[in-house]
Amino acid sequence: MYSQVEHPAGGYKKLFETVEELSSPVTAHVTGRIPTWLRGSLLRCGPGLFEVGAEPFYHLFDGQALLHKFDFKEGHVTYHRRCGDAAKDCCSSGVLVHWRSSSRELSRSKALGQAAREVGVPHPQRCQGQAGWGFEQPVARGWKWTGWKVPLTQPFYNSVNNSTLSKKNAAFPTVQRCSVKMRAAGAACSCSDNTLLGAAAGHHAQGYSNSHAATQPWLLPGSGLSSQEPHHKKYLYYFNCIACCVGVTACNVPHSLRFVRTDAYVRAMTEKRIVITEFGTYAYPDPCKNIFSRFFSYFKGVEVTDNALVNVYPVGEDYYACTETNFITKINPDTLETIKQVDLCKYVSVNGATAHPHVENDGTVYNIGNCFGKNFSLAYNIIRIPPLQADKEDPMNKSEVVVQFPCSDRFKPSYVHSFGLTPNYIVFVETPVKINLLKFLSSWSLWGANYMDCFESNETMGVWLHVAEKKKGRLLNIKYRTSAFNLFHHINTFEDNGFLIVDLCTWKGFEFVYNYLYLANLRANWDEVKKQAEKAPQPEARRYVLPLRIDKADTGKNLVTLPYTTATATLRSDETVWLEPEVIFSGPRHAFEFPQINYKKYGGKPYTYTYGLGLNHFVPDRLCKLNVKTKETWVWQEPDSYPSEPIFVSHPDALEEDDGVVLSIVISPGSGPKPAYLLILNAKDMSEVARAEVEVNIPVTFHGLFKRA
């Protein structure tokens with residue numbers, strides 16, 4: 001599995017390039033035969049925007065969230081990607097209305113400004129370089145236009161050089177007595193003489209002649225709008241405002257492929273700079289403010305990002321995109337529209353939650369997040385969200401804390417990315433990678449920092465493992481300890497004859513692996529990528545065995561009696577249980593990461609197979625299947641091809657654990673006009689079943705799921 005493969009061409013750099021929004025779904029070219037039983041959607045999440053204006057994002061986990069979807073239907077595949085929400089898609093980009101600044105119309109502008117403020121527009125802004133006034137601020141969902149009659153000038157800018165497309169103050173074509181509906185609010189409005197009801201990027205108001213598109217080139221479909229490139233931003237905003245806020249019913253141009261409008265994204269696009277601090281990128285104060293305003297903006301306190309770029313998971317009948325803060329984003333899995341932002345703090349006591357909840361077969365969701373416990377010390381809460389009940393009430397409203405794990409350091413919680421769950425137990429692995437709480441709370445207000453600046457390593461702690469009874473919510477009073485490692489992903493956890501078997505993807509040592517995931521490192525030439533990886537903690541897939549019953553008479557002895565593992569657990573005189581693992585995969589600078597199993601049938605139970613993404617010096621260049629009992633491996637790999645996390649999809653009539661297929665998005669920049677494809681592998685032997693190629697690049701994705709039709 002870990003045969004040495006070189007990447008001197010640097011094709012992996014395409015994983016970290018900004019991509020443009022698509023104007024319509026892309027039909028994939030299929031080679032091979034897609035199984036007839038494979039019907040549904042592959043949903044994936046990751047960064048798609050790596051810079052805002054002249055300001056770059058610096059870390060892998062900073063880019064603005066992009067949702068991807070591959071639909072499978074009757075052997076055909078279509079690709080969608082979007083970064084938007086239903087409410088903000090129609091309104092949040094703002095409303096831009098310009099008119100000639102006669103005294104009569106200026107009075108109207110003031111009245112319009114007042115009306116706008118009443119429905120949620122913070123302030124009308126004078127539009128630079130244009131006569132009249134306009135709005136380019138987000139508006140509240142459901143704002144109903146009542147037909148203001150103002151002659152409009154042309155505010156749109158050429159996407160290449162920001163010059164106006166025709167003479168300054170040239171009037172827009174007008175329409176007479178048209179009726180339109182706003183998509184978000186469903187409110188009808190009547191507009192008359194000299195009022196532009198909206199036509200942009202192919203959207204035409206009812207009664208608005210297509211002949212106008214021939215004379216006004218900026219109204220043509222496919223005009224190259226993009227929210228990714230700096231010189232497109234104002235162009236995109238204006239077109240989104242007119243086309244989406246007005247929501248003309250006479251035009252049904254699809255908008256299923258756009259960037260998700262989280263607050264982090266919308267505000268960045270509105271202000272054309274990075275506004276909210278991300279994982280490794282600090283958001284500086286607005287340079288347009290005067291020195292006093294900039295100074296006081298440092299004292300606003302922590303503004304937590306909602307950039308939901310890590311994963312997607314279901315709660316009841318709903319789906320949420322998430323990062324690792326207290327904000328999750330409700331999405332429509334069919335259209336990829338974002339519905340609303342949800343703050344977990346309003347439901348349960350957590351400061352944030354992982355992007356790897358456990359979802360049981362009945363729909364119950366378990367997750368973990370740090371919180372303030374007793375005596376103002378930090379702790380970790382396990383939260384439970386029940387499945388949808390007969391009353392159809394949002395399960396979020398019934399969220400509860402199941403159990404609380406103590407923190408090894410009162411003011412420095414560990415970074416938590418995932419945890420283990422079985423039918424009867426919850427396993428939390430507390431690593432030496434710590435969040436300095438005091439630094440975190442003061443970083444934005446006093447000295448300016450990002451999340452990465454607040455991490456530090458406890459070099460003497462090692463790793464503590466905590467276990468709780470799931471049903472009773474009771475902590476086991478057993479102190480499990482082992483040597484230091486980083487942990488991001490649990491493979492699986494199960495019970496066997498009085499023991500808990502915990503399989504993990506670890507990185508040896510206490511130094512934080514994320515220190516090596518800055519984009520400058522990942523985009524470097526191949527020799528430099530290898531050089532940096534040599535310095536980083538080394539990966540290893542491990543099995544730990546935790547005895548659930550302890551007898552002091554066994555002090556100094558190995559308590560593990562299972563015949564199939566070499567892992568040990570030794571009871572020490574200080575009543576701690578020292579764990580030594582069984583290594584189930586190890587290769588020089590090669591990681592088995594982003595593990596997936598047949599979760600629905602084998603999650604929390606004894607299992608045999610796991611599927612993972614092979615990282616070669618942090619570069620994803622293979623897909624792997626691992627037999628955790630025999631350590632046998634199967635590998636898919638092609639030259640200059642860079643896959644994503646493998647998603648296992650079980651055959652509906654499966655008789656064996658590995659009956660099914662594995663899905664992965666692969667970037668292959670050297671393969672000609674189709675630089676990316678969805679790969680479908682036979683889950684038994686990792687042989688190719690089919691691939692669905694698309695003519696667009698797809699950037700790196702982290703996690704996702706398969707939603708059956």
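**Note on the predicted model: turns, strands and cavities**

1. M686 is buried, with a relative accessible area of 3%. This residue sits in the loop between β41 (676-682) and β42 (688-694). M686 is not a glycine, yet its phi is positive, at about 60°. Most residues other than glycine have a negative phi. Keep in mind throughout that this is a predicted model.

2. F618 is a second residue to check. Its phi is near 75°, again a positive value in a residue other than glycine. F618 belongs to the loop between β35 and β36. Is F618 buried or exposed? The relative accessible area of F618 is 16%. Buried means under 20%, so F618 counts as buried.

3. The strands on either side of F618 belong to an open sheet. Four strands make up this sheet, in the order β34-β35-β36-β37, with antiparallel pairing. Which strands stand at the edges? They are β34 and β37 (633-636). Each has a single partner strand, so one side of each lacks a neighbour in the sheet. On average, neighbouring strands here are turned by 35° against each other, direction ignored.

4. One pairing in that sheet can be followed residue by residue. Strand β36 (residues 619-627) runs antiparallel to β37, and 4 bridges join them. Within this pair, L626 stands opposite T633 of β37.

5. Now the strands β13, β14 and β15. Strand β13 (residues 311-315) is antiparallel to β14, with 5 bridges between them. N311 faces C322 of β14 as its opposite residue. The two strands form a hairpin with 2 residues between them. G316 lies in that turn and has a positive phi of about 60°.

6. On the other side of the turn, β14 (residues 318-322) is mostly covered, with 4 of its 5 residues buried. A hairpin of 4 residues joins β14 to β15. Strand β15 (residues 327-331) runs antiparallel to β14 over 4 bridges. C322 stands opposite I328 in β15. C322 of β14 is also the residue opposite N311.

7. Strand β30 (residues 539-547) deserves a close look. How many of its 9 residues are buried? The count is 9 of 9. In a regular strand the side chains alternate between the two faces of the sheet. In β30, P539, A541, R543, V545 and P547 point one way. E540, R542, Y544 and L546 point the other way, and all are buried. Note that the buried set includes R542, R543 and E540.

8. β30 has pairing partners to inspect. Strand β29 (residues 499-508) pairs with β30 in the antiparallel sense over 9 bridges. There, V502 stands opposite Y544. Strand β33 (residues 582-585) is joined to β30 by 3 bridges, also antiparallel. In that pair, A541 stands opposite F585.

9. Last, the enclosed space. The model has 7 cavities of 30 Å³ or more. The volume of the largest is about 440 Å³. How many residues line the largest cavity? There are 31, and L60, L517, F594, L615 and F702 lie nearest its centre. Elements giving two or more residues to this lining are β28 (485-496), β34 (590-596), β35 (609-616), β38 (642-643) and β40 (660-667). Two of these, β34 and β35, are also strands of the open sheet in point 3.

10. What is the make-up of that lining by class? It has 24 nonpolar, 5 polar and 2 charged residues.

Terms used. Residues are numbered from 1 along each chain as its sequence is written. This is a predicted model: local features need pLDDT of at least 70, side-chain atom pairs count only at pLDDT 80 or more; totals for chains, interfaces and linings use all residues. Side-chain values use heavy atoms; hydrogens and water are left out. On a 1 Å grid over the protein atoms alone, a cavity is a set of points where a 1.4 Å probe fits but cannot get out, and a pocket is an open set with protein on both sides within 12 Å along at least five of seven lines; lining residues have an atom within 4 Å of a point. Grid points are joined across faces, edges and corners, and a volume is the space filled by probe spheres set on the points. Ala, Val, Leu, Ile, Met, Phe, Trp, Tyr, Cys and Pro count as nonpolar, Asp, Glu, Lys and Arg as charged, and the others, Gly among them, as polar. Two strands pair if DSSP finds at least two bridges between them. Axes are lines fitted to C-alpha atoms, for helices over the stretch in contact, and angles run from 0 to 180 degrees between N-to-C directions. Buried means under 20% relative accessible area, exposed over 50%, partly exposed in between (1.4 Å probe, protein chains only).
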